[in-house]
Amino acid sequence: GRPTTDSAYWKRYRGGTRGILWIDKDGGGEFERFSMEQSSLVQPLWIGERIYFISDQEGHANIYSMLPDGRDIQRHTDHEDYYVRNLSTDGSSIVYHAGADLYRYDLGAKSTSQIAVAYHSQRTQREIKHVDAADFWAEYAFSHDADELFITTRGKLYELAPFAGP
């Protein structure tokens with residue numbers, strides 16, 4: 001194929017370098033060119049009797065399939081907010097993502113379901129936490145000429161110019 005990379009980089013592109021496939025229908029070494037008239041097709045997967053691919057021919061990238069001769073093009077997913085990206089298959093289903101969500105398209109049932117992912121991370125414990133320093137003031141004092149403020153909060157001494165801005 002040419003180019004069969006991620007369709008999100010080619011959003012709604014209709015020009016001369018849109019994605020095409022060269023298909024050897026029977027494995028005999030004779031390849032025939034197939035291109036969609038209205039859009040690119042990317043990330044092709046030949047599963048069983050059909051070729052599955054991503055296309056944005058109706059405005060948003062979704063999964064489509066066709067027979068090896070280019071007939072019987074069918075749309076299989078209905079994502080409107082985010083482009084379908086990064087197809088992968090085990091031969092009975094296609095896993096992909098749209099936005100930050102993972103999905104599974106079941107080829108037998110012809111249905112899409114979101115994959116629940118429970119991600120447990122230490123990141124929340126490592127994030128910087130901003131606390132209100134006023135809740136932890138130990139002491140404060142102005143300088144003799146009142147142009148500086150000294151604050152002890154959370155075990156640290158800070159020197160501020162209170163009239164120079166926030």
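The following exercises, each with a worked solution, concern a predicted model of one protein chain.

**Exercise 1. Overall composition**

Determine how many helices and strands the chain has, and in what pattern they follow one another.

Solution.
Step 1. The assignment gives one helix and 13 strands.
Step 2. Read along the sequence, these elements follow the pattern β-β-β-β-β-β-β-β-β-β-α-β-β-β.
Step 3. The chain contains 166 residues, and buried residues make up 32% of them.
Step 4. The accessible surface of the chain is about 11,300 Å², with 50% belonging to carbon and sulfur atoms.
Step 5. Of the contacts between residues at least 6 apart in sequence, 25% join residues at least 24 apart.

**Exercise 2. The pairing of strand β12**

Identify the strands to which β12 is joined, and state how many bridges join each of them to β12.

Solution.
Step 1. Strand β12 spans residues 149-153, and four of its five residues are buried.
Step 2. Strand β11, residues 137-142, runs antiparallel to β12 and is joined to it by five bridges. Within this pairing, tryptophan 137 stands opposite threonine 153.
Step 3. Strand β13, residues 156-160, is likewise antiparallel to β12, and five bridges join the two. Here the bridge partner of threonine 153 is lysine 156.
Step 4. Threonine 153 of β12 therefore has a partner in β11, tryptophan 137, and one in β13, lysine 156; in a regular strand the side chains alternate between the two faces of the sheet.
Step 5. The connections can now be examined. The hairpin of β11 and β12 has six residues between the strands, and alanine 146 takes a positive phi near 65°. The hairpin of β12 and β13 has two residues between the strands, and arginine 154 takes a positive phi near 50°.

**Exercise 3. The nonpolar cores**

Describe the largest nonpolar core and name the elements that give two or more residues to it.

Solution.
Step 1. The largest core has 16 residues; Tyr52, Ile63, Leu87, Ile94 and Tyr96 have the most contacts inside it.
Step 2. The elements giving two or more residues to this core are β3 (41-47), β4 (50-55), β7 (84-89), β8 (93-98) and β9 (101-106).
Step 3. A second, separate core has eight residues, among them Leu21, Leu41, Ile51 and Met66.
Step 4. Tyrosine 96 may be taken as a case from the largest core. Leaving aside residues up to four places away in sequence, its contacts include Ile63, Thr77, His79, Val84, Leu87, Leu102, Tyr103 and Thr112.

**Exercise 4. Salt bridges**

Establish how many salt bridges the whole structure contains, and decide whether arginine 50 and aspartate 72 are buried or partly exposed.

Solution.
Step 1. A search of the whole structure finds six salt bridges.
Step 2. In one of them, arginine 50 pairs with aspartate 72, with the closest N and O atoms 3.0 Å apart. The pair links distant parts of the chain, 22 residues apart: arginine 50 lies in strand β4, and aspartate 72 in the loop between β5 (62-66) and β6 (74-75).
Step 3. Buried means under 20% relative accessible area. Arginine 50, with 12%, is therefore buried, whereas aspartate 72, with 41%, is partly exposed.
Step 4. Arginine 104 and aspartate 106 meet in a salt bridge at 3.4 Å, N to O. Arginine 104 is partly exposed, with a relative accessible area of 30%.
Step 5. Glutamate 80 and arginine 75 also meet in a salt bridge, at 3.4 Å, N to O. Arginine 75 is partly exposed, with a relative accessible area of 29%. Salt bridges with shared partners join Glu58, Arg75, Asp78 and Glu80 into one network.

Notes
Residues are numbered from 1 along each chain as its sequence is written. This is a predicted model: local features need pLDDT of at least 70, side-chain atom pairs count only at pLDDT 80 or more; totals for chains, interfaces and linings use all residues. Side-chain values use heavy atoms; hydrogens and water are left out. Buried means under 20% relative accessible area, exposed over 50%, partly exposed in between (1.4 Å probe, protein chains only). Two strands pair if DSSP finds at least two bridges between them. A nonpolar core is a set of buried Ala, Val, Leu, Ile, Met, Phe, Trp, Tyr and Cys residues joined through side-chain atoms within 4.5 Å. Contact means heavy atoms within 4.5 Å. A salt bridge is a side-chain nitrogen of Lys or Arg within 4 Å of a carboxyl oxygen of Asp or Glu. Accessible areas come from the Shrake-Rupley method with a 1.4 Å probe; for residues, only the protein chains shown count as cover.
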